[in-house]
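Reader: I'm new to this one and would rather see a single part properly than skim everything. Could you pick a spot and take me through it slowly, with some of the surroundings as well?

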Amino acid sequence: MSFLRSAAGLLARAKPLDGSTTVQTRRHIKRWVSPTLRELAHRQKKLGPQKPEARSGFVEWNQRSELFAFGKRLGESFEQSQLQRAFTEKSFARREEERRRQLGIEEADLHMTDNSDLIEKGQHIARAYVEAFLLHQLPKVPKEGLQAIANFLLSTETLAHVSSHLGTKDLIHSTEYPPSEESLAQSLQAVIGALANSSGIERAFLFVRDFICTQLNQKDLLDVWTPQEPLQLLDKICQERKLGEAEPRLLGDCGRNTVLAAYQVGIYANRQLLGKGFGEDLKTATETAAIDALQSIFDTHDNRRPFDFSVQLETKNVRLG
């Protein structure tokens, strides 16, 4: 009888195993973890912000592998020696030569090549192709406008932006880290020169098209080049293209003699409306209308046909000389 009672008690206390049963898990964190993390955070705060360390200083860094991977990421074939020289700055080469001299290395092994000549060659190639590309894509824009857009594409800020996003920061051999914008821009120009020496001038042209000219994508050209005296320039363009004399006319106004005055001015030439603009006074409205007319004449409005970045210019159309 007692055996039956004990068996019935065990069955009553037993829980059925069904699909609704959930398994509870517990996190087992050792007691030393929390005070250790607090101590590490305290030490890091005490040391203050640390300077960024170059990836080349790590044990697992392999310069040859990184250079090889850099070329494959870009889809280009570089000679290893050319690419190595493209990322070696003159200041770094001189410092390395001095270090070798202090170590007693023979004079024949002291010389270390730098990227000075590659930078010069890359600058020449990039400017020649950018000017040819702009002349092909913007045939109606005058010379000063094309020059302003080319200067924007070849500026230190633009080239440094492209270079940093291509992953050149950790590949550059420089006396400073992180490298400056000038170092990033010059390294990109040296890479262009190294590509021309390795794979030919045509591949260098395509590199400039794909990575530098594409910075104009979805870019408002008015932000890049705004004429200083638009009305005088419009008069000059109208005379050169025989469009007639440009004449500003008041189309409408409201709130005159108030702080919220607004004027609408149109620019006419030979009874044709070239452009119109708004402004808080007649002078501003006239300048805005002149800029709108110039954009219509030069075909640089926001709704213009997008740039064709798939075009392949023939080498004879690029003035390298």
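Author: Let's begin with a bit of vocabulary: a charge is said to sit over a ring if NZ of Lys or CZ of Arg is within 6 Å of the ring centre and also within 35 degrees of the ring normal. Keep in mind that you're looking at a predicted model. With that term in hand, look at Arg304: its charged end sits over the ring of Phe307, 4.6 Å from the ring's centre. Phe307 also belongs to an aromatic cluster, together with Tyr129, Phe133, Phe205 and Phe309.

A second case takes us to the part I'd like to stay with, the sheet. There, the charged end of Arg249 is found over the ring of Tyr268, 4.9 Å from the centre of that ring.

How are the strands arranged? Three of them make an open sheet, in the order β1-β2-β3, with antiparallel pairing. β1 (246-254) and β3 (272-279) are at the edges and have a single partner strand each, so one side of each has no neighbour in the sheet. Going from one strand to the next, the twist averages 20°. If you're wondering what holds such a thing together, strands of a sheet pair through backbone hydrogen bonds, and they can do that either parallel or antiparallel.

Now take the two pairings in turn. β1 and β2 (residues 262-269) run antiparallel and are joined by eight bridges. To find one of these by eye, start at Gly252, whose bridge partner in β2 is Gln264.

On to the helices that cover this part. Helix α12 (residues 230-240) packs on the sheet and touches β1, β2 and β3, with its direction at about 135° to that of β1. Helix α13 (residues 282-298) packs on the sheet too, touching β1, β2 and β3, and its direction makes about 135° with that of β3.

Back to the strands for the other pairing: β2 and β3 also run antiparallel, joined by seven bridges. Here you can pick out Tyr263, which stands opposite Gly279 in β3. The hairpin of β2 and β3 has two residues between the strands, and in it Asn270 takes a positive phi near 55°.

From α13 there's a nice link to another piece of the chain. Pro142 lies in the loop between α6 (116-137) and α7 (143-153). Leaving aside residues up to four places away in sequence, Pro142 touches Trp225 and Phe298. Pro142 and Phe298 are 156 residues apart in sequence, yet their C-alpha atoms are 8.0 Å apart in space. Is Pro142 buried or exposed? Its relative accessible area is 14%, so Pro142 counts as buried, the cut-off being under 20%.

That long reach fits into a wider picture. Among contacts between residues at least 6 apart in sequence, 61% join residues at least 24 apart. The chain has 13 helices and three strands, and 37% of its 321 residues are buried.

One last stop, for the rings. The structure holds nine aromatic pairs. In one pair, Phe70 and Phe78, the ring centres are 6.4 Å apart and the planes make 35°, so the pair counts as tilted. Phe70 is buried, at 1% relative accessibility, and Phe78 is buried as well, at 15%.

Key: Residues are numbered from 1 along each chain as its sequence is written. This is a predicted model: local features need pLDDT of at least 70, side-chain atom pairs count only at pLDDT 80 or more; totals for chains, interfaces and linings use all residues. Side-chain values use heavy atoms; hydrogens and water are left out. Helices (H or I, at least four residues) and strands (E, at least two) are DSSP runs, numbered from the N terminus. Buried means under 20% relative accessible area, exposed over 50%, partly exposed in between (1.4 Å probe, protein chains only). Contact means heavy atoms within 4.5 Å. Two strands pair if DSSP finds at least two bridges between them. Axes are lines fitted to C-alpha atoms, for helices over the stretch in contact, and angles run from 0 to 180 degrees between N-to-C directions. Rings of Phe, Tyr and Trp (its six-membered ring) pair if their centres lie within 6.5 Å; planes under 30 degrees apart count as stacked, over 60 as edge-to-face and the rest as tilted.
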